[in-house]
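Here are some notes for a first look at this model. They follow one strand and its partners, then turn to a helix.

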Amino acid sequence: MNQLQRGLVWLSRIHRCRGFGIQSPTDYAFVRYVVNEHWPYYVYESWSGDDWLTRKLGMLYFRLANWRQPVTMQTDRYQTYWQAGCRKTRFLDAVNQVELARVDVDDREGYESLVSQCDERSVVVVEGIWRNWDRWHEMERDVRCGTTFDLYYCGIIFYDFKRFKNNYQINF
């Protein structure tokens with residue numbers, strides 16, 4: 001993705017940055033203080049060699065792990081970022097209960113196996129939603145999913161049904 005295309009994506013979502021229009025205090029706090037947090041954390045300097053998208057997503061995954069503090073996670077290629085956010089997290093090949101996980105938008109089997117292990121505290125990040133919008137919208141409408149956040153480069157799904165189901169589009 002070139003800089004012009006990134007700029008156009010950012011401009012098209014400019015009215016959806018920093019939690020504008022979100023009425024739920026919980027969702028607003030999540031967007032404001034986890035997704036769009038701009039404070040320079042101590043580990044950001046060590047990731048300067050990564051390409052821009054890997055670094056951008058990695059910083060988000062760091063903040064998600066820092067916010068969620070998962071005890072166990074499935075082994076993942078972004079393990080360095082997750083581990084920096086929560087040092088106590090153990091990475092296993094298979095987990096019984098999903099606390100925080102990442103899956104690619106095109107990995108139907110992986111997504112279905114994750115959803116079967118989710119409860120009201122689970123958070124799943126779906127990477128690459130811009131490559132397959134139809135699949136992402138299918139996930140948004142899934143009755144097993146609660147609140148969703150469309151960040152263009154990835155989507156975040158909550159499975160908490162105590163909250164009203166919303167689909168937010170965020171400028172990330």
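1. The model is predicted. A place to begin is Val 125, which stands opposite Ile 156 in strand S6. Val 125 lies within strand S4, residues 123-127, and S4 pairs with S6 in the antiparallel sense over 5 bridges.

2. Ile 156 also has a partner in strand S5: Phe 149 is bridged to Ile 156. S5 and S6 are antiparallel as well, with 3 bridges between them. These two strands form a hairpin with 3 residues between them, and Tyr 152 there has a positive phi near 75°.

3. Is S6 mostly covered or mostly open? Mostly covered, as 5 of its 5 residues are buried. Cys 154, Ile 156 and Phe 158 point one way, whereas Gly 155 and Ile 157 point the other way. In a regular strand, side chains alternate between the two faces of the sheet.

4. Helix H2 spans residues 25-35, and its buried residues are Asp 27, Phe 30, Val 31, Val 34 and Val 35. Because these residues cover an arc of only 110° around the axis, they lie on the same side of H2. An α-helix has 3.6 residues a turn, so residues three or four places apart point the same way. Pro 25 and Tyr 33, on the other side of H2, are exposed.

5. What covers the buried residues of H2? The cover includes helix H3 (52-68) and three strands, S5 (148-150), S6 (154-158) and S7 (167-169). The hairpin strands S5 and S6 are thus met again here, as part of the cover over H2.

Terms used
Residues numbered from 1 in each chain as written. Predicted model: local features only at pLDDT ≥ 70, side-chain atom pairs only at ≥ 80, totals over all residues. Heavy atoms only, no water. Buried < 20%, exposed > 50% of the residue type's maximum accessible area, 1.4 Å probe, protein only. Helix = DSSP H or I, 4+ residues; strand = E, 2+ residues; numbered from the N terminus. Arc of directions from axis to C-beta. Contact = heavy atoms within 4.5 Å. Pairing = 2+ DSSP bridges.
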